[in-house]
Amino acid sequence: MCCGRSPCPPTPSPKYFTGKNSKFTQQELPACKPILTPKWVVSVFFLVGIIFVPVGVVSLLAARDVVEIIDRYDHACVPPNMTGNKLGYIQNQTISKDCTRTLTVRKDMKQPIFVYYQLDNFYQNHRRYVKSRNDAQLRDYKKANQTTSCEPERFTADGKPIVPCGLIAWSLFNDTYSFTRGNENLTVDKKDISWKSDREHKFAKNVYPSNFQNGALIGGKMLNTSIPLSEQEDLIVWMRTAALPTFRKLYGRINVDLKVNDTIVVRLSNNYNTYSFGGKKKLVLSTATWLGGKNEFIGFAYLVVGGLCIFLAFAFTLLYAIKPRKLGDHNFLSWNRRPAGR
């Protein structure tokens with residue numbers, strides 16, 4: 001590889017960037033222009049392929065070491081006499097929403113075991129939904145009455161400001177889970193399930209919920225008015241909106257090892273309304289590796305890109321060996337070629 005100038009020039013001084021007729025505006029700055037010879041192109045493709053393929057294999061193996069239990073329960077927890085009217089079931093406060101599910105561990109699960117709830121067909125990335133919040137209200141008690149951009153959840157019917165305001169907080173997920181294994185209760189640790197930066201910088205320690213879920217239409221979970229927002233970790237997790245309509249959010253951790261063939265009884269409250277928009281609810285128990293949770297896409301992506309680079313390296317090598325040409329041969333310039341038919 002070589003440069004347009006040899007050696008390559010130093011970083012230009014500020015004088016190059018001042019004035020209308022500067023070297024910057026006239027595109028006269030010294031530059032290093034590598035010449036991509038066949039050897040360099042083939043070498044780069046081989047190098048990328050040699051790096052990406054092992055990374056892909058390691059990532060794929062790590063992802064397959066993750067053990068997951070996924071249980072969809074929104075349809076299973078509807079009483080048999082209400083399966084034709086699921087919306088009526090979830091909106092009827094007199095019908096019990098308690099439900100029991102049984103999970104079987106298919107493979108040993110080492111602690112910590114992460115408990116997630118997964119929602120499908122829930123568009124947290126909708127523009128009006130994402131904008132319906134007031135970050136200044138959340139992090140500064142002096143601005144607790146500030147509810148701009150929180151439409152339609154700004155004030156109560158009697159004009160009192162809602163804290164936290166907005167549709168995101170109003171729609172807070174409110175299903176609950178408890179777990180038992182035989183006669184043993186499996187405690188769900190809900191401490192530090194949110195980002196530390198969110199707790200310390202986005203949600204104040206002296207801002208408390210007020211007038212929350214006091215309207216005629218209840219959106220989701222109630223908040224304890226005696227606990228500051230910085231300690232309401234379910235809310236903090238929920239307020240970090242998802243980019244895709246299918247997403248998981250951390251509910252807590254189980255700090256107990258689960259053995260193969262263990263039977264886990266889940267007692268849950270099926271409170272959250274996903275029936276009105278055709279959504280799905282799933283409970284997920286998952287382990288983690290050094291790479292995080294189960295995500296085979298990264299591994300496959302590295303393998304595909306690495307394999308493609310190696311293929312191109314062999315293809316270019318074969319092409320160069322079969323039909324070589326001199327670097328910078330002027331005979332291949334368009335004005336040096338004889339037109340066809342002459």
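**Cysteines**

I looked up Cys77 in this predicted model. Cys77 is buried, with a relative accessible area of 7%. I then checked Cys99, which is buried as well, at 11%. The two cysteines form a disulfide, and I read 2.1 Å between their sulfur atoms. The torsion about the S-S bond of Cys77 and Cys99 is about -80°, so I noted this disulfide as left-handed. I placed Cys77 in the loop between S1 and helix H2 (86-91) and Cys99 in strand S2, so the pair ties together parts that are 22 residues apart in sequence.

I counted disulfides over the model and got two. Besides the bond just described, I found Cys150 joined to Cys165, with an S to S distance of 1.9 Å. Here Cys150 lies in the loop between helix H4 (135-139) and helix H5 (167-170), and Cys165 also lies in the loop between H4 and H5, so the pair ties together parts that are 15 residues apart in sequence. I recorded both Cys150 and Cys165 as buried. I also looked at Cys309, and it is buried, with a relative accessible area of 11%.

**Five-stranded sheet**

I traced an open sheet of five strands in the order S1-S9-S3-S7-S6, with antiparallel pairing. Its edge strands are S1 and strand S6 (188-189), and each of them pairs on one side only.

I started from the S1 edge. S1 (residues 68-72) and strand S9 (residues 280-286) are antiparallel and share five bridges. Within this pair, I matched Ile70 to its bridge partner Val284 in S9, and Asp71 to Leu283, also in S9. Which residues of S1 are on its covered face? I listed Ile69 and Asp71 there, while Glu68, Ile70 and Arg72 are on the uncovered face. This fits the general pattern that side chains in a regular strand alternate between the two faces of the sheet.

Further along, I found seven bridges between strand S3 (residues 113-120) and S7, which run antiparallel. In that pair, Phe114 stands opposite Arg253 in S7. I checked burial along S7 (residues 247-254): seven of its eight residues are buried, so the strand is largely enclosed by the rest of the structure. At the other edge, S6 and S7 pair antiparallel over two bridges, and I noted Val188 opposite Ile254 in S7.

**Four-stranded sheet**

I traced another open sheet, of four strands in the order S2-S8-S4-S5, and its pairing is antiparallel. Strand S2 (98-104) and strand S5 (184-186) are at the edges with a single partner strand each, so one side of each has no neighbour in the sheet. I read an average turn of 30° between neighbouring strands of this sheet, direction ignored. Strand S2 is also the strand that holds Cys99.

At the S5 edge, strand S4 (residues 176-181) and S5 pair in the antiparallel sense, and I counted three bridges between them. Phe179 stands opposite Leu186 in S5.

**Cavity**

I searched the whole structure for cavities of 30 Å³ or more and found one. Its volume is about 30 Å³. Which residues line this cavity? I listed Glu153, Ile162, Pro164, Gly166, Trp170, Asn211, Phe212 and Gln213. Sorted by class, the lining has four nonpolar, three polar and one charged residues.

Note on methods: Residues are numbered from 1 along each chain as its sequence is written. This is a predicted model: local features need pLDDT of at least 70, side-chain atom pairs count only at pLDDT 80 or more; totals for chains, interfaces and linings use all residues. Side-chain values use heavy atoms; hydrogens and water are left out. On a 1 Å grid over the protein atoms alone, a cavity is a set of points where a 1.4 Å probe fits but cannot get out, and a pocket is an open set with protein on both sides within 12 Å along at least five of seven lines; lining residues have an atom within 4 Å of a point. Grid points are joined across faces, edges and corners, and a volume is the space filled by probe spheres set on the points. Ala, Val, Leu, Ile, Met, Phe, Trp, Tyr, Cys and Pro count as nonpolar, Asp, Glu, Lys and Arg as charged, and the others, Gly among them, as polar. Two strands pair if DSSP finds at least two bridges between them. Axes are lines fitted to C-alpha atoms, for helices over the stretch in contact, and angles run from 0 to 180 degrees between N-to-C directions. Buried means under 20% relative accessible area, exposed over 50%, partly exposed in between (1.4 Å probe, protein chains only). A disulfide is a pair of cysteine sulfur atoms within 2.5 Å.
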